[in-house]
Structures are given as structure tokens and as C-alpha cells.
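Here are some notes on the model, point by point. Please read them with the coordinates open.

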Amino acid sequence: AASRVFPFRDVRWAPDPVLEPGAAVRTPQPVPLVIDNGSFQTRAGWACSNPAVPAEPLLRFRSLAARNRGARGGAGAETQVGNDLGSPEPLRWLLRSPFDRNVPVQLELQELLLDHVFQRLGVSSQGCVDHPVVLTEAVCNPLYSRQMMSELLFECYQVPKVSYGIDSLYSFYHNRSQNWPCSGLVISSGYQCTHILPVLEGRLDAKNCKRINLGGCQAAVYLQRLLQLKYPGHFAAITLSRMEEILHEHSYVAEDYIEELRKWQSPEYYENNMHKMQLPFSNKLLGSTLTSEEKQERRQQQLRRLQELNARRREEKLQVDQERLDRLLYVQELLEDGQMDQFHKALVELNMDSAEELQSYINKLSLSVEQTKQKILQAEVSIEVDVVDSKPETPDLDPLGSEQSLEDVESINEFEPLFAEEQPEVEKPVAAVQPVFNLAEYHQLFLGTERIRAPEIVFQPSLIGEDQAGIAETMQYVLERYPKEQQAILVQNVFLTGGNTMYPGLKARVQKELLEMRPFQSSFQVHLASSPVLDAWYGARDWAVEYMTRDEGWITRKDYEEKGGEYLKEHCASNVYVPIRLPKQAPRTTEALAPCRVLTSSAGSACEQA
């Protein structure tokens, strides 16, 4: 049982270092910069065939930004991006993402992410970014979103050329092999959405693409609600970051969901497969096991801390009063020197009416300053008395003259037993209080059916009240839009990619669903990406290296200026470009104008008769 207790790692993100680009990325010409612009994570690196340049993403950070307001009276607002946030939970209410679902819509935040990429990769973005950019975009990306992105890249960063592609198709492109067919059915499940993409003869069939608005984000929120209802005493400790950790490391997809639930009804199966997640806790919550001497020493330490706090408050009050007294004495000197104009102006600034009121304030402040100095002096020369052997003098706990806070009064009451006239000669030993329950076990989350319920929502969206079809129904709907011959071609290469496809058992579940929907004795093959998270970046890099010197797929600045920001040059991993076609207005003929003239003349005659 102890081996199934897993502590939460609560990993803090390490800030990204500022990298120095080598000479290989600039000579003989600037190499492309590949950015996988995902709604969960942004990955960036260079596309270069030179072995000196790493063939992997150099930057990986969450697509999040937070802007705090800064300290009061200090510096202004500070913006943190990605791994610079450290941990998302303390800043959860400040986090902002440029994405709505999987489409970037907040270009100000997108600019912050790009600035972070260029800065940490050592690219100077002050004048211009002279590297071509390969950027991933959503399936059937709206023209307005692509227009804003192109405007940002060409107008703000002055990039020479840019290419847009679909992340899942880049992953499909990267995992192709010699015997792989050019056609297939791509199932891409990410952080916000799940897509079913048919690929025929190497090109995307955009008319039959389907999207399910469910992904890893919705699974994490669903798991959080399940555990918060199950453990209301740990409501605040059940955070989204910890739920994502459970999904990544402890969840799996059941091949048969109903049959798996029946297995979990067995107590023996539950004990053998249940995972315990250990929440952080403190042993100080246990019953007091301190002896009387330890308690006495702890009270002395608290007394000393309270005295230090009072001394610090007195010094701060003395400094403030002294500065104000100096100001008032300076105004009084103006009166003595006969500078009446400046004196009256200073009185107005001090909100005073006469010299008598000024003198009264000076006398009060002088008395307060002297009293505070005396208290500080007495505190410095006082001798520390052993509170166990004799009765100590009650320290002056009044830091601000006659003002005494409720907390100070409570602190004094806490130390009243120390000042008793008589101390007992013999104290009875305090027996250790044994806890009535295991505190560590109280702070454990028992994961049973939650391990399969959260990932199941992409197959059964009705579990969270979504009126959508799951992966199996959507896949069958897409296949039925093709003739049987093309259906047989598509199912020979069902390709799974995306971070939400890394659950154990997902491939077997898709195979089971295909077995139920395909004809008897028909064949199909299901493949899982070699690296479902990073293959999109690797595929974009492969494409950029292969097409670096070609014009296919690249949008130049001349194309942007002539054809607009929504323009797209298609390639094997891109969307299908559908230009905006405005309907032309038909010219108004004389026959069409004739009824209008008749109506106008009849209306005019009616007005004359009236």
C-alpha cells in the first residue's frame, strides 16, 4: 500500500536562459525560426541542417502571461511570460492567454509571447527579425486571425517571409515513412480541442474536417470538480496544476468504460489499482508533545520577538515624528525671519490657520519625540530577567503612545501566566497527546474511478453535460461522407497525435471503436505519433529544412502587401486558402427603375391632391 502513495511534485518552472545564437544560424543566410504556437505550450527553435545547431526546440514554455500592478509607491507594472512565472497557482487570477479555444485573438498577448521567444533565442527584434518564420495555426483558422498574425509579423517584426501550417499535419508529415500511404485519418487531441482530419493524397480535405470542443483543459477542470466534491476539506489544495499532474501520470483510457466500472466495484480490484496522492501537510497540527521547559522557552522567544517588534515600531514612529517636527520648526523660522508670504503659504500647505496652532503642534510633537526617545533608551539599557526564576517587569508594549492594538493586548494576556507571584515547585510531566487519526492519511486523495472518468469525456462528452459527439461518433460521421473505397484507404492509416493522446490505453480504445464500426473482416491500422507533444515542431522543422530555398508555402512581404494579411500559400501541411469573395452588386437597369418612377409619380400626384 505504501508503494501506491504518490506525493505531488509541484514543480516550479525554471526561467528560460538567454541563448546566444551561433554563427551557423546566420551564415550563409539566416535560417528559419520554427514556432509551434500551441494554446497549452509554445515551442521554438531553429530549422537548420547543420549538426552544430540542435535539432530540437530550445524553448518550451506555457502560453501564459501575467501582469502585476507592482508594489505601492514602487516600480510600475511588471509583465512575466511563460516559465518566468515560476508557478501558475499563486497568479491564477492574473493569468492571461492570447487564445480563445485554439485560435489566437489577443494580439497584444501574442506579441508578448513572440517578444519572449526572440529575446531568449538571442534574436534582435529592435529593428527587424531577419529570419524566416514557420508558425503553426489552428485547423480552418479564421481569416481575421491569420490577418492579425501576418500584420504583427510583417509590420511589427519586419520578417522577410512566413509560412503557416497545421500542427497535427506537421506531426503526420514527420512520422511518415517509406511504406506509409499519403492518405489517412488524423485524430489530433490537444489542450482545448480535438480534431478529426481526413488527408487524401497528401492534402487536407478541409470540407470534411470536424472539431470537438473538448481537450485536456476540460478534463483537468472536470477532475478538479470531482475531487473537490469528494474532499471538501481540501478544496483549496486541489488545484488545476495538480490535476494536470494526475492526468499526465495517473490516468488512463478504459478500453471498455462500462466493463471497467464494473471491475472497480470489486473491493479487491479497488485496493490493487487505487492510487493515493499525498497532499503536503505539517506535523505541527498534531497534539502538543512539548514539555513544560520547551513551552517556557517558546514563550520567552515569543516575548523577545514581541519586544523587538515594539522597538522597531517605536523607531519608525520616532523617525516620522522627527521629520514632521523639523518641517514645523522650519515654518516657524520663516515667521521669525519675517518671510510672511512664504510663512502663510506653508501654513496653507499644513492645513493650519494661525501661528498659535503651529506652536501647539510643535509642543505636542516635541513631547511625543522626547517620550519615544526615553522608551527606546529604557528598552536598550533594561536587563533581561529570567522569567522562570523571578517575576519580570512587565515590558512596555505600547509602541505608539496611547494607541494600543487588540493584537498587543492579546499578546500581553498570553504572557500573564509568566508573571505569577508564586511558581509551583514541582511540575507534573505533560503526557504526549496521541493523535486520534493518521494525519498523513487525512491529507491523501484516493484516486479510483477518477483515473478513467476524466479522460473519458473525449469519448462521452455527456459526462460533463456537453451536447457534442465523441471521438468515435465523429470519426464514423467523417468516414460516412466518403465512398467505401476511400473509407478503406483512410482507415489504413489512423494517426493519433497531440498531448491529450498520451493516455495509456487510448490506442486500444480507438482500435476497439473502429472494430465496432467497420464492416466484418475489414482491415485498419492505428498509429500513435512517436512523440505526440513535440512531433508538430519536429515536422515543421523538417518542412522548413526541405523547403528553405523554395518559394512553395512561403508568404513574402510582397505577397502580404499585394494580397492582404489573410493570404495563405498552400503546402502539404497547411490549411486550404479560401479567399474572401464579396458578391458584386448587379447594375440597376432602366426596367428595374421604371416601377420606382411610377411609384414616385403616383405618390407625387397623391400629395398634390392632398
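1. Trp-264 is buried, because its relative accessibility is 6% and the cut-off for burial is under 20%. Tyr-269 has 22% relative accessibility, so this residue counts as partly exposed. Keep in mind that this is a predicted model.

2. How far apart are the ring centres of Trp-264 and Tyr-269, and at what angle are their planes? The centres are 5.3 Å apart and the planes stand at 90 degrees, so the pair is edge-to-face. Edge-to-face applies to planes over 60 degrees apart. Tyr-270 joins Trp-264 and Tyr-269 in one aromatic cluster.

3. Over the whole structure, the search gives 10 aromatic pairs. One of them is Phe-172 with Phe-495, also an edge-to-face pair. Here the distance is 5.6 Å centre to centre, with 75 degrees between the planes. This pair links distant parts of the chain, 323 residues apart. Phe-172 belongs to helix α3 (residues 167-174), and Phe-495 to strand β18 (residues 494-497).

4. Are Phe-172 and Phe-495 buried or exposed? Phe-172 counts as buried, because its relative accessibility is 9%. Phe-495 has a relative accessible area of 0%, so Phe-495 is buried.

5. Two arginines sit over tyrosine rings. The charged end of Arg-176 is 3.9 Å from the centre of the Tyr-173 ring. Arg-62 lies over the face of Tyr-191, 5.8 Å from the ring centre.

6. Lys-161 deserves a look. This residue is part of strand β11 (residues 161-166). Lys-161 is buried but makes no salt bridge. Which side chain of opposite charge is nearest? Asp-551 is, at 5.6 Å. A salt bridge would need a distance within 4 Å, so this pair does not qualify.

7. What does Lys-161 touch, leaving aside residues up to four places away in sequence? Its contacts include Pro-132, Val-133 and Phe-154. Met-548, Arg-550, Trp-554, Ile-555 and Thr-556 are also among them.

8. Phe-154, a contact of Lys-161, is one of the buried residues of helix α2. Others in that list are Ser-145, Arg-146, Met-148, Met-149, Ser-150, Leu-152 and Leu-153. Note that Arg-146 is a buried residue too.

9. Helix α2 covers residues 143-156, 14 residues in all. From first C-alpha to last, the helix reaches 19 Å. That is close to the 20 Å expected at 1.5 Å a residue. Just after α2, Gln-158 adopts a positive phi of about 55 degrees.

Conventions:
Residues are numbered from 1 along each chain as its sequence is written. This is a predicted model: local features need pLDDT of at least 70, side-chain atom pairs count only at pLDDT 80 or more; totals for chains, interfaces and linings use all residues. Side-chain values use heavy atoms; hydrogens and water are left out. Helices (H or I, at least four residues) and strands (E, at least two) are DSSP runs, numbered from the N terminus. The expected span of a helix is 1.5 Å times one less than its number of residues. Buried means under 20% relative accessible area, exposed over 50%, partly exposed in between (1.4 Å probe, protein chains only). Lys and Arg count as positive and Asp and Glu as negative; His and the chain ends are not counted. Contact means heavy atoms within 4.5 Å. Rings of Phe, Tyr and Trp (its six-membered ring) pair if their centres lie within 6.5 Å; planes under 30 degrees apart count as stacked, over 60 as edge-to-face and the rest as tilted. A charge sits over a ring if NZ of Lys or CZ of Arg is within 6 Å of the ring centre and within 35 degrees of the ring normal.
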